[in-house]
Amino acid sequence: MYRLLILLVVLMSCGCSYFKDKEDPSETWTAERLYAEAKGALDSGYYTKAIEHYEKLETRFPFGIYAQQSMLDLAYAYYKNEDHDSAVATCNRFIKLYPQNAHVDYAYYLKGLTNFNRGKGIADRFISIDSSQRDPGAALQSFQDLSEMLKRFPESEYAEDARQRLTYLRNNLAQHEVHVANYYMRRGAFVAAANRARYVVENYPRTPAIPDALVLMAKAYKVLEMNDLSQDAVRVLQLNYPNHPGLEEVQEIVVQ
């Protein structure tokens with residue numbers, strides 16, 4: 001019995017030591033120390049560790065002097081760690097809580113940047129993939145985010161990059177519609193093809209997809225025997241893109 005009691009005491013001591021060793025040392029850190037560790041991890045590219053520290057900082061010192069900057073840093077860490085949903089949610093939370101913050105433009109920009117890169121995997125870094133053939137949902141959301149950012153902060157330091165990304169997104173969205181119109185043409189859904197191509201012409205002017213959209217309109221309308229509309233598309237194509245090979249393709253279509 002005595003030996004059993006000693007054994008229990010020893011086991012309890014070992015257990016206490018075990019849990020003591022497992023204690024998180026950051027629990028005793030000040031807000032300043034937590035922020036410094038988080039920022040150091042972020043700058044060094046240790047995004048998971050940075051997220052861990054920033055989340056602790058936010059939980060323990062939600063109204064401290066580092067609260068606003070750490071929230072922006074946390075959103076960026078989520079973005080770099082490819083946790084897109086958390087990055088967007090943190091940006092939205094920052095915008096809601098601190099609409100007058102001097103860096104709120106960055107929250108709008110980072111939200112657009114996150115959606116811009118959403119869905120791009122490791123393969124995209126090594127294999128050339130036509131991004132216009134992806135689901136356009138994230139691209140549309142990014143376009144809306146960056147457009148809102150420019151509307152609110154046209155003089156922001158991030159404005160020029162946002163404008164360039166908007167141009168890229170606009171071209172991609174237009175090309176995506178052309179891909180869809182081509183798909184409808186191959187399936188014999190000529191009305192749908194014509195409508196999709198017309199949408200490009202009406203909503204994405206001055207994009208590289210316009211000549212291909214005009215060709216699709218001319219072809220689809222010709223097959224549908226809507227010759228006036230087909231000729232209108234051909235005239236616009238001839239006027240603006242006189243050497244486009246699609247002109248011959250339209251002429252070669254014979255409606256039985």
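Accessible area here is what the Shrake-Rupley method gives with a 1.4 Å probe. On that footing, the protein chain in this predicted model exposes about 15,700 Å², and carbon and sulfur atoms supply 54% of that area. As for the fold, you're looking at 12 helices and zero strands. Below is a quick tour: the chain as a whole, one helix and its cover, then the salt bridges and the aromatic pairs.

**The chain as a whole**

- Read from the N terminus, the elements go α-α-α-α-α-α-α-α-α-α-α-α.
- The protein chain has 256 residues, and 38% of them are buried.
- Take the contacts with a separation of 6 or more: 58% of these join residues that sit 24 or more positions apart in the protein chain.

**Helix 7 and what covers it**

- Helix 7 covers residues 137-152, which makes 16 residues.
- From first C-alpha to last, helix 7 reaches 23 Å, close to the 22 Å expected at 1.5 Å a residue.
- The buried residues in helix 7 are Ala138, Ala139, Ser142, Asp145, Leu146, Met149 and Leu150.
- Look down the axis of helix 7 and those buried residues fall within an arc of 130°, so they line one face of the helix.
- Part of the cover over the buried residues of helix 7 comes from helix 6 (104-117) and helix 8 (159-187).

**Salt bridges**

- The structure holds 13 salt bridges, and three of them are picked out here, each within a single helix.
- A bit of background helps: an α-helix has 3.6 residues a turn, so residues three or four places apart point the same way.
- In helix 2 (residues 31-43), glutamate 37 and arginine 33 are four residues apart, so about one helical turn separates them.
- Their salt bridge has its closest N and O atoms 3.0 Å apart, linking glutamate 37 to arginine 33.
- Glutamate 37 is partly exposed at 29% relative accessibility, and arginine 33 is partly exposed too, at 38%.
- In helix 3 (residues 47-60), lysine 56 and glutamate 52 are likewise four residues apart, about one helical turn.
- For the salt bridge between lysine 56 and glutamate 52, the closest N and O atoms are 3.3 Å apart.
- Is lysine 56 buried or exposed? Lysine 56 has a relative accessible area of 18%, and buried means under 20%, so lysine 56 counts as buried.
- Its partner glutamate 52 is partly exposed, with a relative accessible area of 31%.
- There's a network here as well: salt bridges link Lys49, Glu52 and Lys56.
- In helix 11 (residues 227-240), aspartate 232 and arginine 235 are three residues apart, about one turn of the helix.
- Aspartate 232 and arginine 235 form a salt bridge whose closest N and O atoms are 2.3 Å apart.
- Both ends of that bridge are partly exposed: aspartate 232 at 35% relative accessibility and arginine 235 at 47%.

**Aromatic pairs**

- The count of aromatic pairs comes to 10.
- One of them joins tyrosine 76 and tyrosine 79, whose ring centres are 6.1 Å apart with the planes at 45°, so the pair is tilted.
- Where do tyrosine 76 and tyrosine 79 lie? Both are in helix 4 (residues 67-80), three residues apart, about one turn of the helix.
- Tyrosine 76 is partly exposed, with a relative accessible area of 29%, whereas tyrosine 79 is buried, at 16%.
- Another pair is made by tyrosine 183 and tyrosine 184: the ring centres are 5.9 Å apart and the planes stand at 55°, so this pair is tilted.
- Tyrosine 183 is partly exposed at 38% relative accessibility, and tyrosine 184 is partly exposed at 25%.
- Ring pairs also bring Tyr35, Tyr54 and Tyr66 together in a cluster.

Terms used:
Residues numbered from 1 in each chain as written. Predicted model: local features only at pLDDT ≥ 70, side-chain atom pairs only at ≥ 80, totals over all residues. Heavy atoms only, no water. Helix = DSSP H or I, 4+ residues; strand = E, 2+ residues; numbered from the N terminus. Buried < 20%, exposed > 50% of the residue type's maximum accessible area, 1.4 Å probe, protein only. Contact = heavy atoms within 4.5 Å. Salt bridge = Lys/Arg side-chain N within 4 Å of Asp/Glu carboxyl O. Expected span 1.5 Å × (residues − 1). Arc of directions from axis to C-beta. Phe/Tyr/Trp six-rings, centres within 6.5 Å; stacked < 30°, edge-to-face > 60°.
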